[in-house]
2 protein chains.
Amino acid sequence: MPRQRDVGAQRELLSGAVWQVLAAEGLPGLTVRAVAERAGCTTGLVMHAFPTKRALLLHARDLLHQRTAERADAAEAAGGPPAAVLRDVLCHAATLTAEAADEARVWVGFLAAALADPELAERHRAHNRSFVNRVTRLVGAGHPRWAHPRRERAAKRLIALVEGLNVLTAADPATYPPAVHRDAIAAALRELEG
Amino acid sequence: MPRQRDVGAQRELLSGAVWQVLAAEGLPGLTVRAVAERAGCTTGLVMHAFPTKRALLLHARDLLHQRTAERADAAEAAGGPPAAVLRDVLCHAATLTAEAADEARVWVGFLAAALADPELAERHRAHNRSFVNRVTRLVGAGHPRWAHPRRERAAKRLIALVEGLNVLTAADPATYPPAVHRDAIAAALRELEG
DNA sequence: GTGTTACCGTAACCGATGTTACGGAATGGA
DNA sequence: TCCATTCCGTAACATCGGTTACGGTAACAC
């Protein structure tokens, strides 16, 4: 039984390379060769770790979802008053750091790819809906008297605001610095409370 | 002097074909051949109307900007109380119709392309900034006492909300029907007035 | 140390894509 | 009617991208 490999670790490494390429070169630059180069290997390893390029993209998409969900879980687990938890979760989804800016560019790349790939689109919807559910729950924690539809509408507004800022920031960071994100989130939450 | 052509009309036709391909096939499907087929011609005409594929994209992008600006101008020209004008302009930017849904998908395609093309990115920023200026002006019409920075922050929040909804709707129209757009715009404007 | 076996780098293949060059066809004037 | 000239479809070219197949190489068992 000769040398063994850790397929899971390889796939995570390659998914990370996918993110880097998407952040640096955009969707048109996302080739198997570019991913291999970022990962420090050749296309041979890539095509042995994944049956096809689409499988690589799907894995990278799912892993991104998982990572962001973990961060949101952590923000929730920190506890505190409902309004503060909601604010923290939204801030973790916003573009307040350089890494978050990269992530926003990656997110746009995946979104554009999803508009041409039903399976990728399905993952996108599943991810976004689970985020809507999370924020709906957090809104409900601060407003127990509100009926579910009202909570959900408020959640969708909050998410749209944050994702819109992320998308706009991806193409024009100078116009949408972190202060704009913070101000927008604060204003939206103020409206929710008042 | 043999047959003459209307180069401008050809370019507009081809730009329309670019939008159709982008809406139907997404950015990966946007090839010169696909555009030619949509336009009912061959790649020969395309490459005679534009020196290169990038020039075609830039023209299509600019034309899209121009059309949306014209619609906003029309909404403004209709007149009425400042709050109503602002609401109408935002509603024209939102995804309330099937054509608007196509447009949102096209917008995502251009955005993803812009993240890999500095010139396309420059056009995107110019367009978005002019929209920020427009909305800032409309906010100011309803709130003459507000200083410019406050108007601009409010405008950026409104635009982020609408664009976020558009982007999310492009991938998941069922979760973000027109009613959600209308509700979000109404709530944001209510907060602005109150 | 040696043999066996899984791993992966190399390199080729094939379709697709942007771009170019040529030639036929259609138009407007003489 | 015929010609000259512009336009654009055809088809080829070079390159690139995803995928595949082969062969060397490195690790583990004995």
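## Relation of the two chains

Copies are superposed by least squares on the C-alpha atoms of residues with pLDDT of at least 70 in both. In this predicted model, such a superposition lays chain A on chain B with an RMSD of 0.0 Å, by a turn of 180° and a shift of 0.0 Å along the axis. The two copies are therefore related as by a two-fold rotation axis.

Among the residues of chain A, Gly164(A) comes closest to the rotation axis, its C-alpha lying at 1.7 Å. Both copies use the same surface, since 100% of the contact residues of chain A recur in chain B.

## The contact between chains A and B

Chain A contributes 39 residues to the contact, and chain B contributes 40 residues. On the side of chain A that touches chain B, at least two residues are supplied by each of α6, α7, α8 and α9 (178–193). Helix α8(A) provides the largest share of that side, with 12 residues.

By class, the side of chain A that touches chain B comprises 21 nonpolar, seven polar and 11 charged residues.

## Helix α6 of chain A

Helix α6 of chain A spans residues 98–114 and has 17 residues. From its first C-alpha to its last it reaches 24 Å, close to the 24 Å expected at 1.5 Å a residue.

Of the 17 residues of α6(A), 12 are buried, so the helix is largely enclosed by the rest of the structure. The buried residues include Glu103(A) and Arg105(A), as well as Trp107(A), Gly109(A) and Phe110(A). Also among them are Val106(A), Val108(A) and Leu111(A), together with Ala104(A), Ala112(A), Ala113(A) and Ala114(A).

The cover over these buried residues comes from both chains. From chain A it includes α1 (7–25), α4 (53–77), α7 (118–142) and α8 (148–171); from chain B it includes α6 (98–114) and α8 (148–171).

## Packing of α4 against α7 in chain A

Two of the helices that help to cover α6(A), namely α4(A) and α7(A), also contact each other. Their axes come within 10 Å and cross at roughly 5°. Because angles under 35 degrees count as roughly parallel, α4(A) is described as roughly parallel to α7(A).

On the α4(A) side, the contact is made by Leu57(A), Leu58(A), Arg61(A), Asp62(A), His65(A) and Ala72(A). On the α7(A) side, the residues are Glu119(A), Leu120(A), Arg123(A), His127(A) and Arg134(A). This contact of α4(A) with α7(A) has four nonpolar, two polar and five charged residues.

Key. Residues numbered from 1 in each chain as written. Chains lettered and ligands numbered in written order. Predicted model: local features only at pLDDT ≥ 70, side-chain atom pairs only at ≥ 80, totals over all residues. Helix = DSSP H or I, 4+ residues; strand = E, 2+ residues; numbered from the N terminus. Expected span 1.5 Å × (residues − 1). Buried ≥ 20, exposed ≤ 12 C-beta atoms within 10 Å, placed from the backbone. Contact = placed C-beta atoms within 7 Å. Nonpolar A, V, L, I, M, F, W, Y, C, P; charged D, E, K, R; others polar. Axes fitted to C-alpha atoms, helices over the stretch in contact; angles between N-to-C directions. Parallel < 35°, antiparallel > 145°, perpendicular 65-115°, else oblique.
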